[in-house]
Amino acid sequence: MNFLKKKFTEYYSKADIEFPPRFDRREYAFIFFGEGGMHRHISFLSRDALISYLKKNSPAHSYYSSAYYRHPDAATMREKEWMGADLIFDLDADHIPDAIKLPYEKMLVMVKKEMEKLLSFLMDDFGFDKKDMRIYFSGGRGYHCHVSHPDVISLGSQERREIVDYVTARGLNIKGIVKEKSIPKEYFADKTIEIDPRKGGWSGRMARGIIDFLKEIKNMEKEKAIKKLMELEGIGEKTASSLYASLSDERIKRIEDGKIDQSREFKRIAIPLIKKLSVSLHSSADEPVTGDIKRLIRLPGSLHGKTGLRVTKVEINELQEFNPLRDAVVFGEEKVRVMIKKPFSIEMMENRFRVNEGVNEVPEYLAVFLMARGLATI
Amino acid sequence: MYYKFIALMFFKWFYFNFVELSVMAKYPFISSAREWVKKEGVRVEEILFDEIYERARGRGAERVMQALERGLIKDVPLLEEADFIMEIFSYPVARMIVVASGSDYVIRRYSLAESKRAYENLKNENIEFIERMAAEFGIRMNGNRMYFVDYLRYAPTWDIKWKLVNRELRKGEIILEKHELARLLQEAIRKKIYSELLYMYPPPEIKKAFGDIIEKIKAKVSFKEEKERIDEVDARFFPPCIKNLISATKSGVNVPHVGRFTLVTFLNALGMSIDEILKIFSSSPDFNPEKTRYQIEHITGKISGTDYTPPKCDTIRTWGLCFPDEICKRIRHPLSYYRLKRRRK
């Protein structure tokens, strides 16, 4: 614990902290090494005051409020007087069902994919400009996206929830999007789904999603295609093979024109496709996340006490190349002797490390990471 | 030639005035109507007691009574300038009566009825007109598209059809039908009128001019408020989803729209009164009595005319609100759960 705190102090003595917009209207909160509780309701009137606080205390976790208040240091919400809040999207591996089983590096790659989906929603559908959004690596298992467009700041929690529901597809009325039409035939009506990829909103997204997905399936070998189809929830081998067999060239052409006939199987892929196209923001329905108008988020430039990685700003254009285990690492190469509790493998600073139980000599950055995660002692 | 020109100018002036007045008569809450009334320089005593304004007073009282009795204000035929002027003046008269009643219920009913009347007219206007009206409320429109932030302020998103996710949103704008635009403006108008009336004081002379009408309104309202309850609701028979929603609401967890919708429709179906339902919501973190009451009244059909039924189990499940127990296996609707369990007692 002392080692970590010492290292954090070293970092904060020369750290580059990014001050949140409306810096002095925010509430700050900290958790110290070796303490359970959170120190809350702190405000700073000057930037220097925040810097010297960090230097002096070297907190394990540092947060600020997404909301800004008239009196950020008041003890109750009522006395604080809410003035507005950034819109925050918290993308975390914990919220993605498939990510949680993966090793740390792979987990982060998956969260990044969710972030790319989110950005497409925010820019194409909501029309936000790149300059309205900031993306941060959280230092832990995810990324945050802050939207601070002036019109968004004053939105209440219900309006925010509508935005969250939009990107997560909650409450999406599928019948309204993939409209089923009955075309009378000789003996009975033929059912056709009509889709329009040129449309905006979820209708267009779903249409493009269905077309792209089916084209992808069509161009695959039979076995692979069926396997891919069966990855979708609720699709068995029978449905998958009959679906694959039905994808003739002519049929794909009709689908590209927005007509899906004999729609029974297609209806079954619609719901799992929505899951694929939407952003995984939370694992359960009642979690108070982005909709919340008052929450704490990690301070950019501060260190995450459970990884030793820095909360790092990521330029939207550079998200693709961003590698947290290189770009959010702040400690040096100096060798440190640590006691490893169990074998562990990770790629950090573009070096692959495989450490076994017992005493190992590793670079300082890896030592900090392993100790923060509780995988090693000194 | 010269005379012709004069005649044309006169006609233009007359026509312009006429159009403006007819617009103000239809939409007396717009800022230009208020300015016009101000410019006319008529004193309150004149409006309340002068013979000239007799018709305006009659129509003003009618506005309030219709709002209370039927929830809407009927249009009257307006043919000439004098008709328009009386119609315009009847609006401030009605507002004075409403405020003098001192009842929040009357203010709510009246704002809603005025906004509904505006809706009926607005949906028949052209898009340019609707755009101009929207600008009056700071709503940003672009042809038949509305900026999503303004949409969210006014859309009744507890109704699945109005949820943002079911709208065609592109580059921050939502394409809407004319009647939908009019519906959103209705809500903006209602909010504006309501908040204006909430902070307005009646002139002292109002009692002299409309004393008996105000008394009549007060009597009517207290009768409504004392409406007796039909059945005692027993919370022990609630299904787990409803119990869960109630405890979440009471403990201050922010419950999503669909959850509130489920809860209100369920309690309403059991015959609970609006005030009782409101009480459950009062410990919610963002409790706003006005807004919540409006939503409850909307959902229960008090003001919308549609009495929504509680969602089926299937729907509740897709909303992620279902936490089934043994009895749930046998039913497909939360109300069946209640009936089944009560019968078993």
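**Exercise 1. Place A:R205 in chain A, state whether it is buried or exposed, and list its contacts beyond the local sequence.**

Step 1. A:R205 belongs to helix α8 of chain A, residues 201-218. Helices (H or I, at least four residues) and strands (E, at least two) are DSSP runs, numbered from the N terminus.

Step 2. The relative accessibility of A:R205 is 13%, so A:R205 counts as buried. Buried means under 20% relative accessible area, exposed over 50%, and partly exposed in between (1.4 Å probe, protein chains only).

Step 3. With neighbours within four places in sequence left aside, A:R205 is in contact with A:S120, A:F121, A:D124, A:D125 and A:L277. Contact means heavy atoms within 4.5 Å.

This is a predicted model, in which local features need pLDDT of at least 70, side-chain atom pairs count only at pLDDT 80 or more, and totals for chains, interfaces and linings use all residues. Residues are numbered from 1 along each chain as its sequence is written, chains are lettered from A and ligands numbered from 1 in the order in which they are written, and side-chain values use heavy atoms, with hydrogens and water left out.

**Exercise 2. Describe the surroundings of A:K7 and find its salt-bridge partner.**

Step 1. A:K7 is found in helix α1 (residues 2-13) of chain A. Its relative accessible area is 7%, so A:K7 is buried.

Step 2. Not counting residues up to four places away in sequence, A:K7 touches A:F331, A:E364 and A:V368. The side chains of A:K7 and A:E10 are joined by a polar contact of 3.1 Å. A polar contact is a pair of N or O atoms within 3.5 Å; within protein, one must be able to donate a hydrogen and the other to accept it, and residues adjacent in sequence count only if both atoms are side-chain atoms.

Step 3. The salt-bridge partner of A:K7 is A:E364, with the closest N and O atoms 2.7 Å apart. This pair links distant parts of the chain, since A:E364 lies in helix α14 (residues 364-372) of chain A, 357 residues from A:K7. A:E364 is also buried, because its relative accessible area is 7%. A salt bridge is a side-chain nitrogen of Lys or Arg within 4 Å of a carboxyl oxygen of Asp or Glu.

**Exercise 3. Work out the strand order of the sheet that contains β6 of chain A, and how β6 is covered.**

Step 1. The open sheet has four strands in the order β6-β8-β7-β13 (chain A), with antiparallel pairing. At its edges stand β6 and β13 (312-314) of chain A, each pairing on one side only. Two strands pair if DSSP finds at least two bridges between them.

Step 2. Six bridges join β6(A) to β8 (residues 142-147) of chain A, and A:F89 stands opposite A:C145 in β8(A). Strand β7 (residues 133-137) of chain A pairs with β8(A) over five bridges, with A:F137 opposite A:Y143.

Step 3. In β6 (residues 87-92) of chain A, six of six residues are buried. A:L87, A:F89 and A:L91 point one way, while A:I88, A:D90 and A:D92 point the other way.

**Exercise 4. Take stock of the interface of chain B and chain A.**

Step 1. Chain B gives 28 residues to the contact and chain A gives 30.

Step 2. About 2600 Å² is buried between the two chains, with 51% of this from carbon and sulfur atoms. Buried area is the accessible area (1.4 Å probe) that two parts lose on being put together, summed over both.

Step 3. Four salt bridges cross the interface. One of them joins the side chains of B:R140 and A:D151 at 3.0 Å, N to O. The count of residue pairs in polar contact between the chains, both at pLDDT 80 or more, is 16.

**Exercise 5. Trace the salt bridge of B:R63 and the network around it.**

Step 1. B:R63 forms a salt bridge with B:E114, the closest N and O atoms being 2.6 Å apart. B:R63 lies in helix α4 (residues 54-70) of chain B and B:E114 in helix α6 (residues 104-122) of chain B, so the pair ties together parts 51 residues apart in sequence.

Step 2. B:R63 is buried at 0% relative accessible area, and B:E114 is buried at 1%.

Step 3. A network of salt bridges links B:R59, B:E62, B:R63, B:D75, B:E87, B:E114 and B:R117.
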